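Colleague: Hi, I'm new to this one. Could you walk me through it?

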Amino acid sequence: MISIKNLRVKFKDTVIENFNLEIEKNGIYCLFAPSGAGKTTLLNAVSKLIKFEGEIKIDGEISYLFQEDRLLNWFSARENIMLVEPDEEKAEYYMTVFGVDEFADKKPQELSGGMKRRCALVRALAFKADVYLLDEPFRGLDEQNADLVRKEIIELGKEKIVIVVTHDELDLEKLNAQRITLN
Amino acid sequence: MQCPVRISIIKNEGLKKTLITVLVAIFWIAVWQGIYLLVSDDLIIASPMAVLNRIFVLGATKDFWLAVLYSVLRILLGFISGVVFGVLMASLCASRLLNQLFAPIILLIRATPVASFIMLTWLWLKRDSIPVFVSFLMVVPIVWGNVATGIKGVGKEYKDFAKMYKITGMKKIKYLFIPSVLPHFASAVFTSAGLVWKAGVAAEVLCQPKISIGSNLFDARSFLDTLDVFVWTAVIIIISLILEKIIKTLLKQIEKKFAIAGLT
């Protein structure tokens, strides 16, 4: 469950005023907003990484796929994933499905943008949580990999709350998601 | 006429490197010998052979090794305590308030000439402790500054990442901060190792602890014993090279463990 009441956030040039949201059921929720309207700022506030006014209540743990990959260069792809102590079975599963196992021993500086994104996705999805915040999960992925990720997000949405930040209106249909709008 | 040894056809890279080093050394010793022959005054310059002979003579005495041992220990003590203190201060000053509080101290140490420190500490400390303290002061600002840069290298985005994924305490230090700090730390240790040795011996020359390389160098100069000045200088250079090699090897071992640092 997520409950946000009268949220006010001011972070750098972004201001979110009087934002309200109630999510009670598991499922997928796509967050849409014009560029610079504060989608990432909202996720940061929900994760309590930045200061805010108002009320944010979340039942359970959060896993957050940041807009940037935030991989540690001195660890291999596998070590980056295992560092966060994920559900190991899930981590192995996602690594196989997303093809991360093919470059698991390589370090981030040896990987392409898409590979890094897939690695960050495995890390976020395999982390034991109740709410998943995914900031642009398809960024840098080719259509084939994006479809694989969508399929797994749909599965995850059956048991958890998944909030996806995306620019593509089609994702709403592809993910069978509900819309959250931030003006 | 063909050169008897063609370096370009030597395939073994290690051998090639050693050969080039030896040839370069021979060249410069020949230049030294040439200058010696040109000057022809033992009071101004000693010959390479005389220096080598004297090193062997001194090397056979207990006093020589005691002087080397005491100097190395003194400077090493200052060096190690400087490294430890520098790391501690950099870690403490990760907090902005403490950083602002201690910033003038680091500036002061950086700006003060070594000679001033030697003169000042002469008034406060026993002569045996002065080289230790001066070595310590040489190392602290370098290690402090570099380690602080490494700590700052872990930006807010990575601290947020650690917070979200519950990477806290020792795990955070081990997996996030140490790999980021390590290259800066290695560079600080390497730079300060060269400086500390020179500054430490300079302190010994000025304050003359009983058993030390610096005192021997000072005595040699006082008695216009040019040969011994050259000998002790050569000893200082040789020890410096050995220490540099040891530190390089140690740092390589540590760096290997963490591979290339950086955040993406």
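Modeller: Sure. One term before we start: two residues are in contact when they have heavy atoms within 4.5 Å. Also keep in mind that this is a predicted model.

Colleague: Okay. How many residues of chain A are in contact with chain B?

Modeller: 25 residues of chain A, and they meet 22 residues of chain B. Together the two chains bury about 2,100 Å², with 64% of that on carbon and sulfur atoms.

Colleague: Which three residues supply the most of the area that chain A buries?

Modeller: That would be A:Leu49, A:Arg70 and A:Trp74, which supply 34% of what chain A buries against chain B.

Colleague: And how many salt bridges are there across that interface?

Modeller: The rule finds 2. One pairs B:Lys166 with A:Glu61 through their side chains, at 3.0 Å from N to O. On top of that, 7 residue pairs are in polar contact between chain A and chain B, both residues at pLDDT 80 or more.

Colleague: Which elements of chain A give two or more residues to that side?

Modeller: Strand S5 (62–65) and helix H4 (113–126) of chain A. S5(A) gives the largest share, 4 residues. By class, the side of chain A that touches chain B has 14 nonpolar, 4 polar and 7 charged residues.

Colleague: Switching to chain B. What does the domain assignment give?

Modeller: Domain 1 (1–40) and domain 2 (46–258). In that contact, 4 residues come from domain 1 of chain B and 5 residues from domain 2 of chain B. The centres of these two domains, taken over C-alpha atoms, are 33 Å apart.

Colleague: How much area is buried between those domains?

Modeller: About 400 Å², and carbon and sulfur atoms give 79% of it. On the domain 1 side of chain B, the residues losing the most area to domain 2 are B:Trp32, B:Gln33 and B:Tyr36, together 92% of what that side buries.

Colleague: What about salt bridges and polar contacts there, how many?

Modeller: There are 0 salt bridges across the interface of domain 1 and domain 2 of chain B, and 1 residue pair is in polar contact. The domain 1 side that touches domain 2 has 3 nonpolar residues, 1 polar and no charged.

Colleague: Okay, now inside chain B. What does B:Arg74 meet in a salt bridge?

Modeller: One partner is B:Asp128, at 3.0 Å from N to O. That pair links distant parts of the chain, 54 residues apart: B:Arg74 sits in helix H3 (residues 62–92) of chain B, and B:Asp128 in the loop between helix H5 (114–124) and helix H6 (130–153). Another is B:Glu204, at 2.9 Å. B:Glu204 lies in helix H8 (residues 169–207) of chain B, 130 residues from B:Arg74.

Colleague: Why does B:Arg74 count as buried?

Modeller: Because its relative accessible area is 8%, and buried means under 20%. B:Glu204 is buried too, while B:Asp128 is partly exposed at 38%.

Colleague: Back to chain A. Where is A:Arg150, and is it buried or exposed?

Modeller: A:Arg150 is in helix H5 (residues 143–157) of chain A, and at 5% relative accessibility A:Arg150 counts as buried. A network of salt bridges links A:Arg150 with A:Glu143, A:Asp147, A:Asp171 and A:Lys174.

Colleague: And A:Lys158, what does that form a salt bridge with?

Modeller: With A:Glu155, the closest N and O atoms being 2.8 Å apart. A:Lys158 is exposed, at 55% relative accessible area, whereas A:Glu155 is partly exposed at 42%.

Terms used:
Residues numbered from 1 in each chain as written. Chains lettered and ligands numbered in written order. Predicted model: local features only at pLDDT ≥ 70, side-chain atom pairs only at ≥ 80, totals over all residues. Heavy atoms only, no water. Domains from an automatic or database assignment. Buried area = accessible area lost by both parts, 1.4 Å probe. Salt bridge = Lys/Arg side-chain N within 4 Å of Asp/Glu carboxyl O. Polar contact = N/O pair within 3.5 Å; in protein donor to acceptor, adjacent residues only side chain to side chain. Nonpolar A, V, L, I, M, F, W, Y, C, P; charged D, E, K, R; others polar. Buried < 20%, exposed > 50% of the residue type's maximum accessible area, 1.4 Å probe, protein only.
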